[in-house]
Amino acid sequence: MLATVAALTGTIILYLTPAEMQYQYRRLGGVIIISCSGVNQTVIMSIIGANIGGFTKKQITASATFFCYCIINIITPQTFLGRESPEYHTGLTFVMM
């Protein structure tokens with residue numbers, strides 16, 4: 001939960017901070033904070049291993065979770081539209097959902 005809150009905080013910082021040179025370090029900080037979201041996948045995979053009984057169910061659930069994780073990592077960059085540069089409101093809104 002802490003990693004999710006940290007990543008959401010970084011996304012909100014990027015969404016609300018103007019894209020002017022005087023705010024460039026604040027926006028960089030938001031980007032760095034967003035990198036905390038990678039922790040979530042590790043936690044989810046360990047919870048699957050600990051809480052699901054049966055080898056087949058565990059493997060299917062882990063595979064489906066990893067598949068969905070990969071699909072989201074393919075879709076998310078497509079929502080950052082070049083015409084919205086440098087704010088990227090559509091992409092950041094998608095990330096916050």
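1. A crossing of two helices is called left-handed if the near helix is turned anticlockwise from the far one by less than a right angle, and right-handed if it is turned clockwise. With that term in hand, the note can turn to the structure above, which is a predicted model, and to its helix pairs, one of which is H1 and H2, where H1 passes H2 in a left-handed crossing.

2. The overall make-up is a good place to begin. The secondary structure of the protein chain consists of five helices and zero strands, and a reader who follows the sequence from start to end meets the pattern α-α-α-α-α.

3. The dimensions of the chain deserve a careful look. The protein chain has a radius of gyration of 16 Å, whereas a compact globule of 97 residues would have one near 13 Å. The C-alpha trace, taken along its principal axes, spans about 55 × 25 × 15 Å.

4. Surface and interior can be considered together. Of the 97 residues in the protein chain, 16% count as buried, and the chain exposes about 6800 Å², with carbon and sulfur atoms supplying 70% of that area. As for contacts in the protein chain with a separation of 6 or more, 41% of them are accounted for by residues 24 or more positions apart.

5. How do H1 and H2 pack against each other? Helix H2 covers residues 24-34, and its axis lies 7 Å from that of H1, at an angle of about 155°. Since angles over 145 degrees count as roughly antiparallel, H1 is therefore roughly antiparallel to H2. On the H1 side the residues that meet H2 are Ala 6, Ala 7, Gly 10, Thr 11, Ile 13 and Leu 14, and their partners in H2 are Arg 26, Arg 27, Gly 30, Val 31, Ile 33 and Ile 34.

6. Within H2, one may also look at Gly 29, which is found in that helix. Gly 29 counts as partly exposed because its relative accessibility is 26%, a value that falls between the 20% limit for buried and the 50% limit for exposed. Gly 29 and Val 39 are ten residues apart along the chain, and their C-alpha atoms are separated by 18 Å.

7. H1 also packs against the helix formed by residues 89-96. Helix H1 (residues 2-16) and helix H5 (residues 89-96) have axes 10 Å apart and an angle of about 160° between them, which means that H1 is roughly antiparallel to H5. The contact involves Leu 8, Thr 11, Ile 12, Leu 14 and Tyr 15 on H1, together with His 89, Leu 92, Thr 93, Val 95 and Met 96 on H5. H1 passes H5 in a left-handed crossing.

8. What is the handedness of the crossing in which H3 passes H4? H3 passes H4 in a right-handed crossing. The axes of H3 and H4 come within 9 Å and cross at roughly 165°, so H3 is roughly antiparallel to H4. From H3 the contact draws on Gln 41, Ile 44, Met 45, Ile 48 and Gly 49, and from H4 on Lys 58, Thr 61, Ala 62, Thr 65, Phe 66 and Tyr 69.

9. Is Gln 41 buried or exposed? This residue, Gln 41, lies in helix H3, which runs over residues 39-51, and Gln 41 counts as buried because its relative accessibility is 13%, the limit for that label being under 20%. When neighbours within four places in sequence are left aside, Gln 41 is in contact with Thr 65, Phe 66 and Tyr 69, and these three residues are among those that H4 contributes to its contact with H3.

10. Asn 40 lies in helix H3 as well, and Asn 40 is partly exposed, with a relative accessible area of 21%. Once neighbours within four places in sequence are set aside, Asn 40 is in contact with Ala 3 and Thr 4. Asn 40 and Val 5 are 35 residues apart in sequence, while the distance between them in space, C-alpha to C-alpha, is 11 Å.

11. Finally, the loop between H4 and H5 has two backbone details that a student could check in the viewer. Pro 86 lies in this loop, which follows helix H4 (55-75), and the peptide bond from Ser 85 to Pro 86 is cis, with omega near 0°. Tyr 88 has its place in the loop between H4 and H5, and Tyr 88 has a positive phi of about 55° although it is not a glycine. With a relative accessible area of 26%, Tyr 88 is partly exposed.

Definitions and conventions
Residues numbered from 1 in each chain as written. Predicted model: local features only at pLDDT ≥ 70, side-chain atom pairs only at ≥ 80, totals over all residues. Heavy atoms only, no water. Helix = DSSP H or I, 4+ residues; strand = E, 2+ residues; numbered from the N terminus. Rg over C-alpha atoms; globule rule 2.2 N^0.38 Å. Buried < 20%, exposed > 50% of the residue type's maximum accessible area, 1.4 Å probe, protein only. Contact = heavy atoms within 4.5 Å. Areas by Shrake-Rupley, 256 points an atom, 1.4 Å probe, with all protein chains shown as cover. Axes fitted to C-alpha atoms, helices over the stretch in contact; angles between N-to-C directions. Parallel < 35°, antiparallel > 145°, perpendicular 65-115°, else oblique.
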